[in-house]
Amino acid sequence: MPDAGLLRQYLAAGMPHGEPICMSFGETWDRIPPGLADCLRRVPRSSHGYQLSLHGLPRLRTALAAHLTASHRLPDTAERGRHWEVGVSWTGTRAAMFDFARLVLDRRPATARRPVALVAGPAWDYAGVLTPLGYDVRHLPLRFDRGFVPDPEELAELAAEIARDPAAGTAMVVVNAQHNPTAVNWSPDSVNALLDAAESAGAAVLIDDAYLNVHDVAVEPTSALRLLLDRRRAAGNSTGAPWLAVQSMGKQFGCNGWGVGAVTAPPEILDALVNGYRLHHSLMSSGMLQHAMADWLESVASTQFLAEQRVRLTETRAAAEEQFVKRLGYPASAVHTGECTPYIVVRVPPGYAGDEESAREFRAVCFERTGVLTAPVWPWPMPAPEEAGHDPQLRLYLGSGTEGVTEAVRRMSAAGLTWAARPAG
């Protein structure tokens, strides 16, 4: 991992600019809520043994169902067991996505064309999950100058282009409504356009709700899960192409290393994933973490934490925009703050802009001169698609809060890494 190499070099040099400020990882390693940590201290000894329920700790599943119903504003939990069922993710939601992608392929006819996954990009590393299975990942471009909003005309063109390919067909559509890395809360119209594309192609739907509850104070997060369930309910049944929704608890509550989250799907699909595909590689584990998460979700403290986190995130996002504009001289049009997820996206200074290599150079120079580690807008090791190379961008993680952002910008300003910065020589 490139970031690990950069950090090792910086530490070996004696941290010349102070403690590194990691604005590349979506992690601070120490922001777990005290109340959640207390829940972990109180788990019973029995939770350290094997779990016989492969869907996950039953009590946690009940707590997750209530959490999902509230977060997505579903009618009530009465539909659980008919239109949807929830289980506990295994080793993070990434593994659940991988198993779902296998299931989708196995259920396609033997004569089916090469499977294409349609993903809006820049994106999280869906390609790293799907391409090893044989999917051709095609990206619907999200453009900085359009606010990273999916364009319905470009979506229609891309879907038609895939449909015209005699060797390929859309097998999966990925929906990430609180979009990582662009921090855009997609509108219901944008989500429905993607669901329309999936329905027209008979494609499976993967909903990634990693940051559903991580948004600014005044934002009403769009629930892709609710929109999909509304469509299935309107059709009179829950049949159709397979779908899976994953929701990380680690992203919401600062415990990414736990790997605990919700996986929601039609009951038959979830049963196949849990009792079939999952068994190919692992059993249910981490009973003590699941017990603690159930305690936490059942408490008022978890709801209060999310509300307080929204206030902090709103303040930090506003401070980041102000700092980049006022102290580093960025035009407002070069700073995209968004309204959800703990990220913002900024353009690389024009002196470096032109290709992805110069963007990587700026990132490396920034860390060497300041100890501030930013992230490419596309995940490693995936290169940015050609159309993105003319507008290099960086993603910044805001988890260090207003103080961390202020210190990062102070260091960048002192090192001359302003909007007017140019490569040495």
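This passage walks through selected strands, a helix, a surface patch and the cysteines of a predicted model.

A good place to begin is strand 3, which covers residues 114-121. Seven of its eight residues are buried, so strand 3 is largely enclosed by the rest of the structure. Strand 3 has pairing partners in strand 4 and strand 5. With strand 4 (residues 136-141), strand 3 pairs in the parallel sense over six bridges, and Val116 is found opposite Asp136 of strand 4. With strand 5 (residues 168-175), the pairing is again parallel and runs over five bridges; here Ala117 stands opposite Met172. In general, the side chains of a regular strand alternate between the two faces of the sheet.

A second arrangement of strands is antiparallel: an open sheet of four strands, in the order 9-10-13-12. Its edges are taken by strand 9 (335-336) and strand 12 (375-376); each has a single partner strand, so one side of each is left without a neighbour in the sheet. For strand 9, two antiparallel bridges make the link to strand 10 (residues 343-347), and Val335 faces Val346 across this pair.

Turning to the helices, helix 12 comprises 27 residues, 300-326. At 1.5 Å a residue it should span 39 Å, and because its end C-alpha atoms lie 40 Å apart, the model agrees with that expectation. Several residues of helix 12 are buried, including Phe305, Leu306, Gln309, Arg310 and Leu313. Farther along the helix, the buried residues include Thr316, Arg317, Ala319, Ala320, Gln323 and Phe324. As a reminder, an α-helix has 3.6 residues a turn, so residues three or four places apart point the same way.

At the surface, Tyr50, Leu52, Leu279 and Leu283 make a nonpolar patch of about 530 Å². One of these residues, Leu279, sits in the loop between helix 10 (267-277) and helix 11 (287-297). Leu279 has a relative accessibility of 40% and therefore counts as partly exposed, since that category lies between the 20% and 50% cut-offs.

Finally, the cysteines: the structure holds zero disulfides. Cys39 takes part in none, and the nearest cysteine sulfur to its own belongs to Cys255, 11 Å away. Seen from Cys255, the closest cysteine sulfur is likewise that of Cys39, and the 11 Å separation is too far for a bond; a disulfide would require the sulfur atoms to be within 2.5 Å. Cys39 is buried, with a relative accessible area of 4%, and Cys255 is buried too, at 6%.

How values were computed. Residues numbered from 1 in each chain as written. Predicted model: local features only at pLDDT ≥ 70, side-chain atom pairs only at ≥ 80, totals over all residues. Heavy atoms only, no water. Patch = residues over 30% accessible without salt bridge, like charges linked within 9 Å, V, L, I, M, F, W, Y side chains within 5 Å. Areas by Shrake-Rupley, 256 points an atom, 1.4 Å probe, with all protein chains shown as cover. Salt bridge = Lys/Arg side-chain N within 4 Å of Asp/Glu carboxyl O. Buried < 20%, exposed > 50% of the residue type's maximum accessible area, 1.4 Å probe, protein only. Pairing = 2+ DSSP bridges. Expected span 1.5 Å × (residues − 1).
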